[in-house]
Structures are given as structure tokens and as C-alpha cells.
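This report examines a protein model by way of its charged pairs, its overall make-up and its internal space. Please keep the structure in view while reading.

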Amino acid sequence: MARIFEYGNLARTSNKTDLVLPGEFVDAQGVRFAEAGWMTDGNDVEFGEIVEITGRNGKALQIKRVAAATITAARAGFVIRDIVGGRVIQQGVIEGIKGGTHVPVTVIPASSANGWGFAIAVGEAVAAGDQVYVGKGTNGKKLGVAYKTNSSDTVAITGWKFTSASYKPTSSDSLAAFVGKE
Amino acid sequence: MSKVIKYTSPYKFKDAQEGAKTRNITLDEMVYNLERRFDDPRAEVSLTDAMKEYHSAIKSETKFQDGAEEQFAYNGYTMLDLNLRRPAYRAFGLQHMPVIYGGGAVETDKGFFFRPTTRGGRLASGENNKVNLVNANYETLEAPILPITLGLSIGIINQLKADTISFDVIGANHEAVRLSYSIELDKFLMVGHRGIDGTNVDGASMARGLINLKEGDAIISDLETKVYSPALVNKKFETMTTPELIAVMGTEYREFGQEVAYDGNFMPNKWLVGPKVIAALSAPAHITVAGTVYQSQLDYLTAQFRVWARAFEAPEVYIQALPYLDPVADMTGFDTVLNEDGTNDTGRTILYRQDPYVMRARIALDLTPGALVFDAANNAVRRNYVAFIGTPLLFYPGQVRYIDNGADVVDSGDDDDDGGSQT
């Protein structure tokens, strides 16, 4: 894994606050609309990733990795960190679920009226108040990673803003930031 | 391993042992019975003396009790000194790296780190419903465990000859196995898997030891390049003035404290130094070039470590010598694979917390002998040993500091050594 976020070591002191991992909730106001998502394309899915919702049935949201041709704000969803078993014996932090494992993940549809804030993986430094975009996989903008830049390589996740500056939650250089509904 | 005793007597130990077995009595009783016939004032040897010598022969491990001297020619005019001299030996791994035991034949040593994600409190008003949320995260860390094996082999004729003179050849070889294992343990604990591939090069994914952790796991301060305040003129421990030494160690101790939020449970308690630097720091403490012999640099630094420890409610830092940290040319008497002399090859020092909570290795299976068996194919008596040894598992990356000695001696500018600067 480690496609969208490279996990280093967790900080070894608790004195520094707000070092929230991608996919974790940061605040709660009112209700949240979080559904079980079922990965349909066999790809790995990482916590804090933006995925594409292709449908919904009586069991779960059908989700897949973002595709440049089809991703829109209405089809976007945020993957929330769940408690899952690490499928591969490894050291470090559990990053998500491996492709092909029969484990649903928690997804918050971008189109939902959502009062809860959470952290996601970002691909560049962002500031509170910046608009959230998702990369389309071209010119260095990775599929499923959030950016603040409006270009032909990104799609706006309308209605969502960054609510914090970006930060490094682990010892690696990978960034995360809080997001919330406008 | 069965005891082997030999003392001056008209019969051999094995005779007494066989006799005891035949009569179904203890060895003590057998020896007593054999010696008792000498309990006659007309005999040269008294029973009391004989039993005393027998018991002292059992207790002593340094005397030449195993009969090996019988391999060498001597006559009645030769005085034999039966105190066996052994080679000097010292291992350092277990002294400086905490170890835990247990697990058996396993492959991986894994541990967990737990971190509560702290948040700031959100203001609450009369009717608000927005709350900041906390989290708790876990991270696993692991280190590999490898099996190692050692063995001894004694040809059957050699074994028969050894039995003839009651020479404990198995015991002698067992001692060699024990020392070999101790050296192997030093390697695993100090330099990890270095040398397994036949080179002294530390590969990127190679498991490391206490003195060769990779950058990130250890914070490496190169005295040649790091900027201290005040700036260093002399960048080697051997030539530093006392203010420079305090600037370096005070900075390193403080930066260590920052990494651990000055938590006394994690503050450093040991500074490992090569013997060459220890010797250099024994020079008189001085401000410029030379000083009066009020106290040595080491005394002054030790006192300051004590002051800093009290200020942060932390344990005192003990300064200890580790030969493996000297420049390789000065580290004679040890395998060069154990040498780690830092970025500039002039010596490394290590400031760390010796605490199994922070870092420890696992000996999953301590050296365990197999059965002593007769190997018909090789016509020899054989015994193999096995151990499962892990490399250090560092639970707190960044909480080991390497302070590497500088590269060159710097001209202090005082050519006539009068304490003033060069004009």
C-alpha cells in the first residue's frame, strides 16, 4: 500500500496535539452520514483516500478507485479509518485494506449533509479555507489524493473546504489536513 | 556436563566413579572408602587431608583438573603449576543492551506502540452540539530473529585417549562454544546483521544494532558539520576546550530532551564513548589551550550531566567506555565487524536511554546443547548447539543520538601556546 500516504512512525510524545491520521474524525456536530463501502475494482483502499461511488444497493455503497473520466463531486466519497486486521504481516500503522479482501470500509459521501470533520491525505501544503479538489492521476496529481489547486488535473469536491492547515502526522513527509462541509 | 575432578591420588577419577556405580553408592562415599585405608598414623596421607583435597578439587574451576597436563611429558623433577591460565575476554553487548528471553524457535520479535491523539478542547456554549474528538492509534514494530548453530566434534580415538587420562575434552570444547556464542551475541546486539553477507557494509534494509542504527532511528550529529552555539573551533573531542565540550553535550542533551518532551522516564542515562576519547577527556579542563589541573574535562562534564539531570528530574548520565566506537585502527583485539567509528571514521559516541521499555533485544532461545552422540559416519563424538537471537527492537525512533567525532584537528590560532590568539 502506501500509494497516497507514506506512513512513518507515530510521534513518540503526546505533547503535540492534532496529529490526526488520515481517515480519523476530528470533530462531531449533529449527525454524520457514513455508510459501509464495498470496493468493486480489486484495488487497495487506504484510509483518508477519496474514492468514487458507483452505486448503492441494499448492502453497501459500491466504490472504486477514482477514475479521471468519471469522477465528479457528486460521485466522490471519503474513506474513514476503521479497525481492520492487517492482511500482510508488516510493521507500522495499518493503512487500509488490501484489494480483494472481503472487508467493507466506512465511506462518507461528499454529497451528504455531514456535520462531522475528519482528516484526509493531501498531496500539497494547504491552508484552512482552501477548497478541496481530488487528483485525476495526471501531471503529478495522484488519483484519490486531495489538493487545493484548481486545474485540468483536479476535480473540485464542491461543498467541502479544508478546515486546518496541512501537517505531518507521522515522521514521514506525507501530509494530512482536516476537512469539513461548508 | 559431568564434573571432572583430578587430584593427587593412586587411582583415577573414573576408577572411583565406576566403583561407586558398581556398589550403588555415592561418589563421595566411594572416595571416602578408598581413602579410609590411609587413616593410619603410619601412612603419609591422612583421610582428612585427602577428603579436603578431593572437595577442593571439585570446587575449583581454574585448576588444571581435567587431566590435560597428562598429555605433556614431565618427570619427577618437574614442578607442575596446575592453575590453568585462560585468555582475556570481554563482551559488551549484554552490558549495554537490555535483553529479554523467551519464545523458542521463532522468526519475528514484534511489539506495539500506543499513541493517544490529543486534541485541544472546543469551547462550549449553551446550546452548541459541536465537540472535538480524540483518537487512539497503534503502531507495530518488529525485529528479525535468526537461529545460529555451533558444534563440537571429537574423533573417537581422541575421545578414547582423553578418557584414558581423564581429560575432559568435551568440556574444553564446550568452553569454546560458550565463548563463541558470547561473541556472536555481541555482534547481534551491537551491529545487528552486519557481516552475514560476508561484507562489513550496512545494507539499507539490514537489521541494525545499538551502534549502527540507520539515520532516523538514531539522530546523527556530525561534529564536523553541525553548528553549535558558540560555534566550534575545535571539532574533535581530543582537542576541544571545556566550553566547546559543554556547548556540544549541553546541546545534544537538550535536543534529546526535546524529542522526549523532557519526560524523565525517557531522558538519557548513558553516554557510550570510545576509550580514545575517554583518555582525551581526562585532560585538564581548560578554557583556551591549557589549564591548571583543577579537574579533568571528564570530571567537569560529569558534574554538568548531574546538574542537567537534576534540572529535568531525569536520571544521571553515566559515561562508559565501549572499544567498538574507537577508530578502527585503534580497536585491536576485536573483530572489525564490531567497529563503528562514525561519519568521519574518528570515533562515535552514543547518548541513549538504556531501558528495555525503550529498546531491547530478544534472545528467543539461549544457547541450548543437543545430545552428545556418536556420529558413525564421521567416527566422532558430536554435540551441536543452537540459539535464536534477535536484533534490538527500538520502540522510540529518534531517541538514540550518535555524536560523531569531527574529522580534523583545527588550529586554535595560538602557535606559541601562550594562551593568546595568533597575532
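The sections below take up chain B as a whole, then selected salt bridges, then one loop residue, and finally the enclosed space.

**Overview of chain B**

The model is predicted. Chain B contains 9 helices and 13 strands. Of its 423 residues, 43% are buried. Among contacts in chain B with a separation of 6 or more, 70% are made by residues 24 or more positions apart. The accessible surface of chain B is about 22200 Å², and carbon and sulfur atoms supply 53% of that surface.

**Salt bridges**

Side chains of opposite charge can pair when their charged atoms come close. Over all chains, the whole structure holds 29 salt bridges. Three of them are listed here with their N to O distances.

| Acidic residue | Basic residue | N to O distance |
|---|---|---|
| E52(A) | K64(A) | 3.7 Å |
| D335(B) | K187(B) | 3.1 Å |
| E255(B) | R401(B) | 2.7 Å |

In chain A, the salt bridge joins the side chains of E52(A) and K64(A). E52(A) belongs to strand β4, residues 50-56, and K64(A) to strand β5, residues 61-65. The two residues are 12 residues apart, and the pair links distant parts of the chain. Both E52(A) and K64(A) are buried.

In chain B, a salt bridge connects D335(B) with K187(B) at 3.1 Å. D335(B) sits in the loop between β7 (318-321) and β8 (348-352), while K187(B) is in helix α6 (residues 169-191), so this pair ties together parts that are 148 residues apart in sequence. The partners differ in burial: D335(B) is partly exposed, with a relative accessible area of 37%, whereas K187(B), with a relative accessible area of 17%, is buried.

The side chains of E255(B) and R401(B) also meet in a salt bridge, at 2.7 Å from N to O. Because E255(B) lies in helix α7 (residues 242-259) and R401(B) in strand β13 (residues 400-404), the pair ties together parts of chain B that are 146 residues apart in sequence. E255(B) has a relative accessibility of 21% and counts as partly exposed. R401(B) is buried, its relative accessible area being 4%. Elsewhere, R194(B), D202(B), E340(B), R348(B) and D404(B) are joined into one network by salt bridges that share partners.

**A loop residue, N265(B)**

N265(B) is located in the loop between α7 and β6 (270-273) of chain B. Its relative accessible area is 51%, so N265(B) is exposed, the cut-off for that class being over 50%. Apart from neighbours within four places in sequence, N265(B) is in contact with R353(B) and D355(B). N265(B) and G195(B) are 70 residues apart along the chain, and their C-alpha atoms are separated by 34 Å.

**Enclosed space**

How many cavities of 30 Å³ or more does the structure hold? There is 1 such cavity. The largest cavity encloses about 30 Å³ of space. From chain A, its lining includes L10(A), A11(A), L19(A), L21(A) and P169(A); from chain B, the lining includes R115(B), T117(B) and N137(B). Sorted by class, the lining of the largest cavity comprises 5 nonpolar, 2 polar and 1 charged residues.

Technical notes:
Residues are numbered from 1 along each chain as its sequence is written. Chains are lettered from A and ligands numbered from 1 in the order in which they are written. This is a predicted model: local features need pLDDT of at least 70, side-chain atom pairs count only at pLDDT 80 or more; totals for chains, interfaces and linings use all residues. Side-chain values use heavy atoms; hydrogens and water are left out. A salt bridge is a side-chain nitrogen of Lys or Arg within 4 Å of a carboxyl oxygen of Asp or Glu. Helices (H or I, at least four residues) and strands (E, at least two) are DSSP runs, numbered from the N terminus. Buried means under 20% relative accessible area, exposed over 50%, partly exposed in between (1.4 Å probe, protein chains only). Contact means heavy atoms within 4.5 Å. Accessible areas come from the Shrake-Rupley method with a 1.4 Å probe; for residues, only the protein chains shown count as cover. On a 1 Å grid over the protein atoms alone, a cavity is a set of points where a 1.4 Å probe fits but cannot get out, and a pocket is an open set with protein on both sides within 12 Å along at least five of seven lines; lining residues have an atom within 4 Å of a point. Grid points are joined across faces, edges and corners, and a volume is the space filled by probe spheres set on the points. Ala, Val, Leu, Ile, Met, Phe, Trp, Tyr, Cys and Pro count as nonpolar, Asp, Glu, Lys and Arg as charged, and the others, Gly among them, as polar.
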